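Welcome! Take a moment to look at the structure below, and then let us walk through it together.

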Amino acid sequence: MAKARSKATEAEQVNDWMDKLDASFKPSINAVRKIIRTAAAKLTERIKWNAPSYYYKEDIVTFGPTKVKDKIILVFHHPGIVKIRSELLQGTYKDRRLVYLNSIKEIKDAQKELEIIIKESVAMIDK
């Protein structure tokens, strides 16, 4: 009897997801992934809700649909996100906020503010 293949690791799942992306979209996605991972080393990356998602004890942020090239949506879904004030965070939902990034330039311009949002989100979980 053949041995069952073990489930792919979280890193393998993310790599598989990235491999399926249109090549022209990868630089934008990778730029945002790097910002997220650099902002908080405590975060773990995995695939959840069919996209890269980041958690530390609790889910914090997930990439939204990636159907349109260079149009990135980040869904900050930790309920504490509503306490963070930033012009990047959009929406009036009771438990989440969205960030829209439409180009590599916007990603670079938003880097510092995005890092602050991520650090504050992780700090809330440690309180």
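This report goes from the sheet to its turns and then to the helices.

## The sheet as a whole

Please keep in mind that this is a predicted model. A good place to begin is the open sheet, which is built from five strands in the order E1-E2-E3-E4-E5 with antiparallel pairing. The edge positions belong to E1 and to strand E5 (97-101); each has a single partner strand, so one side of each is left without a neighbour in the sheet. From one strand to the next, the twist averages 25°.

## Strand E2 and its partners

Now zoom in on strand E2, which covers residues 51-56. Is E2 mostly covered or mostly open? Five of its six residues are buried, so E2 counts as mostly covered, given that a residue is called buried when its relative accessible area is under 20%.

E2 pairs with strand E1 (residues 44-48) through five bridges, and the two run antiparallel. On the other side of the pairing story, four bridges link E2 to strand E3 (residues 58-63), again in the antiparallel sense.You can follow individual bridges too. Tyr 54 in E2 is the bridge partner of Glu 45, and Tyr 54 also has a bridge partner in E3, namely Val 61. Ser 53 is matched with Thr 62 in E3. As you trace these strands, remember a general pattern: in a regular strand the side chains alternate between the two faces of the sheet.

## Two turns with positive phi

Next, look at the turns. Here is a helpful piece of background: most residues other than glycine have a negative phi. With that in mind, which residues in these turns have a positive phi?

The hairpin of E1 and E2 has two residues between the strands, and Trp 49 there takes a positive phi near 55°. Asn 50 sits in the loop between E1 and E2, and its phi is positive as well, about 65°, although Asn 50 is not a glycine. Is Asn 50 buried or exposed? Its relative accessibility is 70%, so Asn 50 counts as exposed, the cut-off for that word being over 50%.

The hairpin of E2 and E3 has one residue between its strands. Lys 57 lies in this loop between E2 and E3, and has a positive phi of about 65° despite not being a glycine. Lys 57 counts as exposed because its relative accessibility is 60%.

## Helices across the sheet

Now turn to the helices. Helix H1 (residues 10-19) lies across E1 and E2, and runs at about 60° to E1. Helix H3 (residues 104-126) lies across E2, E3, strand E4 (72-76) and E5. The angle between H3 and E4 is about 15°.

## Where H2 meets H3

How do helix H2 (residues 26-39) and H3 pack, and at what angle? Their axes are 9 Å apart and the packing angle is about 25°. That makes H2 roughly parallel to H3, since angles under 35 degrees fall in that class. The crossing of H2 past H3 is right-handed.

Which residues make this contact? On the H2 side you will find Pro 27, Ser 28, Ala 31, Val 32, Ile 35, Ile 36 and Ala 39. They meet Ile 104, Ile 107, Gln 111, Leu 114, Glu 115, Ile 118 and Lys 119 in H3. Sorted by type, the residues of the contact of H2 with H3 comprise 10 nonpolar, two polar and two charged.

Notes
Residues numbered from 1 in each chain as written. Predicted model: local features only at pLDDT ≥ 70, side-chain atom pairs only at ≥ 80, totals over all residues. Heavy atoms only, no water. Buried < 20%, exposed > 50% of the residue type's maximum accessible area, 1.4 Å probe, protein only. Pairing = 2+ DSSP bridges. Axes fitted to C-alpha atoms, helices over the stretch in contact; angles between N-to-C directions. Contact = heavy atoms within 4.5 Å. Parallel < 35°, antiparallel > 145°, perpendicular 65-115°, else oblique. Left-handed = near helix turned anticlockwise from the far one by under 90°. Nonpolar A, V, L, I, M, F, W, Y, C, P; charged D, E, K, R; others polar.
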